[in-house]
Amino acid sequence: MRQVAVLGATGSIGSSALDVIARHPQRLRASVLAAGRNVEALLALCRTHRPAHAAVADEACLPALREGLRAAGLPTQAHAGAAALEALVASDACDTVVAAIVGAAGLPSTLAAARAGKRLLLANKESLVLAGELLMAAVREGGATIIPVDSEHNAIFQCLPDAHARAGLQRIVLTASGGPFRGRCREELRGVTPAQAVAHPKWSMGPKISVDSATLMNKGLEVIEAHHLFGLPASRIEVLVHPQSLVHSLVEFVDGSTLAQLGLPDMRTALAVGLAWPERIASGVPGLQLLQHGRLDFEAPDLEAFPCLRLAYAALEAGGTAPAVLNAANEVAVSAFLQGRIAFLSIPALVEDALAALPPAPAQSLDVLREADAAARRHAEGALSRITAPA
Ligand code: NAD
Ligand code: MG
C-alpha cells in the first residue's frame, strides 16, 4: 500500500491526485493532507479520505482544524506551520509525496521529500526554477525518485523513462496551448482582465498557473524545469504552440526519430503515471479519440506579445540567481495583477525590471537563493507603483 502525502490538497492538482487515489483503495492511501489556510475545504477532504495527518500552513488555523477534526469524530492528527509539514513529509507517515503547493512556498517541503528519499511527484515547478541544482542534488543524495507531473515533463518522462532511453537524445520540444490570448498582438493585450486571463481554453487550473499560461511565463518556467529534470541546455529545449493540447511534448533523437505522448488535457493521467510507475492504473481519463479531434496544429510562440518566455530563456542562460529572481518577481506581479493592481502587460515589465536591477550571482547555497528570492520580492513590490507597461 502506497502512503501518499498530498501537499496542496485543496488545490486543482491536489483534487486531481485525490480523485486518482480514491479509485485505488487497495493500493493507494492519502495518509497526509496539507493545505494553506482553507480549513473548511481541508476538513471536507479529511472526512472523505480519512488521512492519518492533516496540516495547515497558517498556525492561526490550527485550533479550527483541530476542533473540526474532533467534531467530525476523525482520528486525524492536526499540524500547522512549515516546519511541521517538513517533519511530516520526512517521516514514515508517507512514502510518496505529491508536491502541489503553488509557488516558492512549496520549496521547503519538496526539498524535505527529496532528502528523505521519497517518491516525489513534482507539480510545484517553482521549486525547480528557484533551486533546481540543489533540489536535483537532494534527490540524488537522498535516493528519492522524482516523477514530474507537469503534463509536458510527464510526457517526456514517459518517452525517456531511464538513462538507457536517453541515448542519442537530440532535443526536447515542449508544447504550449498558447493560453487564452493566443493569436493576439501586444496592443490587444493591453486591457485584458484577470477574469479573462484565468479562463484557460483547455486546462482547468489554479489562478497563478492560469495567469502564467496566459503570459507564457508558465512555458518559460517549464523550460527551466526541463533543463533541471533532463539535463539539457536551453539551446536543446524548444517550445511549440499546439492549441489542441493533445500532444503533451516530444523528444527527438539523433537518428531523426521523434517520440511524443498524447492524451486528453487532464492532469489525472500524469498523476496516475506518478502514483503507479512503472505499472499503469486507471486514472478516470478516457482514451484519445483522434477522429473526434480531427487535427493537430502547431505554431511558433509569439515572443513579442508574450515576452515572459524570452525572459525565462534569458534567466536560464544567465544562471546563478537569475531564475530565482525571475520566479519571485513573477509571483509578486501575478498576485498584483490578480488583485487588479497592475495591468497584464506590467507582468513582463516587472520581471524584466527585477532581472535588470538584480544582476545574477553564483548560487552555491540555499541561503543565497532564498536571499535572491527575498530581494526580488522586495524590489518588485517597490516597483509595483512605478512600473507600468510601456506605451
Ligand atoms: P491551486 O492554487 O489550485 O492550489 C494550490 C494549493 O497550495 C492549495 O491547496 C493551497 O491551499 C496550497 N498552498 C498555498 N500556499 C501554501 C503554503 N504556504 N503552504 C501549504 N500549502 C499552500 O494551484 P494548482 O493549480 O493546483 O497548482 C499547484 C502547483 O502545481 C503549482 O506549482 C503549479 O504550477 C503546478 N501545476 C499545476 C497544474 C494544474 O493543472 N493545475 C499543472 C501543472 C503544474
Ligand atoms: Mg505544464
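In this structure, a backbone N or O atom of Gly206 lies 2.8 Å from an oxygen atom of ligand 1. The model is a predicted one, and the exercises below walk through it, starting with that ligand.

**Exercise 1. Describe how the protein surrounds ligand 1, and find where the ligand sits relative to the domains.**

Solution.
- Step 1: Begin with the polar contacts. Besides the Gly206 contact, a backbone N or O atom of Ser12 is 2.9 Å from an oxygen atom of the ligand. Thr10 uses its side chain instead, with an N or O atom 2.7 Å from an oxygen atom of ligand 1.
- Step 2: Turn to coverage. On its own, ligand 1 has 830 Å² of accessible area, and the protein covers 85% of this.
- Step 3: Look at the elements. Two or more residues of the shell come from each of α1 (12–22), α6 (125–142) and α9 (207–215).
- Step 4: Widen the view to the 23 residues around the ligand, of which Thr10, Ser12, Gly36, Glu126 and Gly206 come nearest. By class, the shell holds 13 nonpolar, 7 polar and 3 charged residues.
- Step 5: Place the ligand. Domain 1 (2–148) and domain 2 (151–264 + 287–304) both contribute to the shell, so ligand 1 lies between them.

**Exercise 2. Work out which phenylalanines form a cluster of rings.**

Solution.
- Step 1: Count the pairs; there are 3 aromatic pairs.
- Step 2: Take Phe181 and Phe344, whose ring centres are 5.2 Å apart with 85° between the planes, an edge-to-face pair. This pair joins distant parts of the chain, 163 residues apart: Phe181 is in the loop between β8 (169–176) and α8 (194–198), and Phe344 in the loop between α14 (322–338) and α15 (346–357).
- Step 3: Add Phe337, which also pairs edge-to-face with Phe344, at 5.6 Å centre to centre and 65° between the planes.
- Step 4: Combine the two. Phe181, Phe337 and Phe344 are linked by ring pairs into a cluster. Phe181 and Phe344 are both buried, and Phe337 is buried too.

**Exercise 3. Decide whether Ser249 and Gln26 are buried or exposed.**

Solution.
- Step 1: Locate Ser249 in strand β10 (residues 247–253). Its relative accessible area is 0%, so Ser249 is buried.
- Step 2: Check what its side chain meets. A polar atom there lies 3.5 Å from the backbone oxygen of Val173 and 3.4 Å from the backbone nitrogen of Thr175.
- Step 3: Move to Gln26, in the loop between α1 and β2 (28–35). Gln26 has 72% relative accessibility, so this residue counts as exposed.

**Exercise 4. Pick out unusual backbone geometry, and say where Arg50, Leu216 and Pro278 lie.**

Solution.
- Step 1: Recall the background: most residues other than glycine have a negative phi, and most peptide bonds are trans.
- Step 2: Find the cis bond. Trp277 and Pro278 are joined by a cis peptide bond with omega of about 5°, and Pro278 lies in the loop between α11 (268–276) and α12 (290–293).
- Step 3: Inspect Arg50, a residue that is not a glycine yet has a positive phi of about 45°. Arg50 belongs to the loop between α2 (39–49) and β3 (53–56), and its 47% relative accessibility makes it partly exposed.
- Step 4: Inspect Leu216, also with a positive phi, of about 70°. Leu216 is in the loop between α9 and α10 (217–230). With 5% relative accessibility, Leu216 counts as buried.

Methods:
Residues are numbered from 1 along each chain as its sequence is written. Chains are lettered from A and ligands numbered from 1 in the order in which they are written. This is a predicted model: local features need pLDDT of at least 70, side-chain atom pairs count only at pLDDT 80 or more; totals for chains, interfaces and linings use all residues. Side-chain values use heavy atoms; hydrogens and water are left out. Rings of Phe, Tyr and Trp (its six-membered ring) pair if their centres lie within 6.5 Å; planes under 30 degrees apart count as stacked, over 60 as edge-to-face and the rest as tilted. Helices (H or I, at least four residues) and strands (E, at least two) are DSSP runs, numbered from the N terminus. Buried means under 20% relative accessible area, exposed over 50%, partly exposed in between (1.4 Å probe, protein chains only). A residue is near a molecule or strand if one of its heavy atoms lies within 4 Å of it. A polar contact is a pair of N or O atoms within 3.5 Å; within protein, one must be able to donate a hydrogen and the other to accept it, and residues adjacent in sequence count only if both atoms are side-chain atoms. Accessible areas come from the Shrake-Rupley method with a 1.4 Å probe; for residues, only the protein chains shown count as cover. Ala, Val, Leu, Ile, Met, Phe, Trp, Tyr, Cys and Pro count as nonpolar, Asp, Glu, Lys and Arg as charged, and the others, Gly among them, as polar. Domain bounds come from an automatic or database domain assignment.
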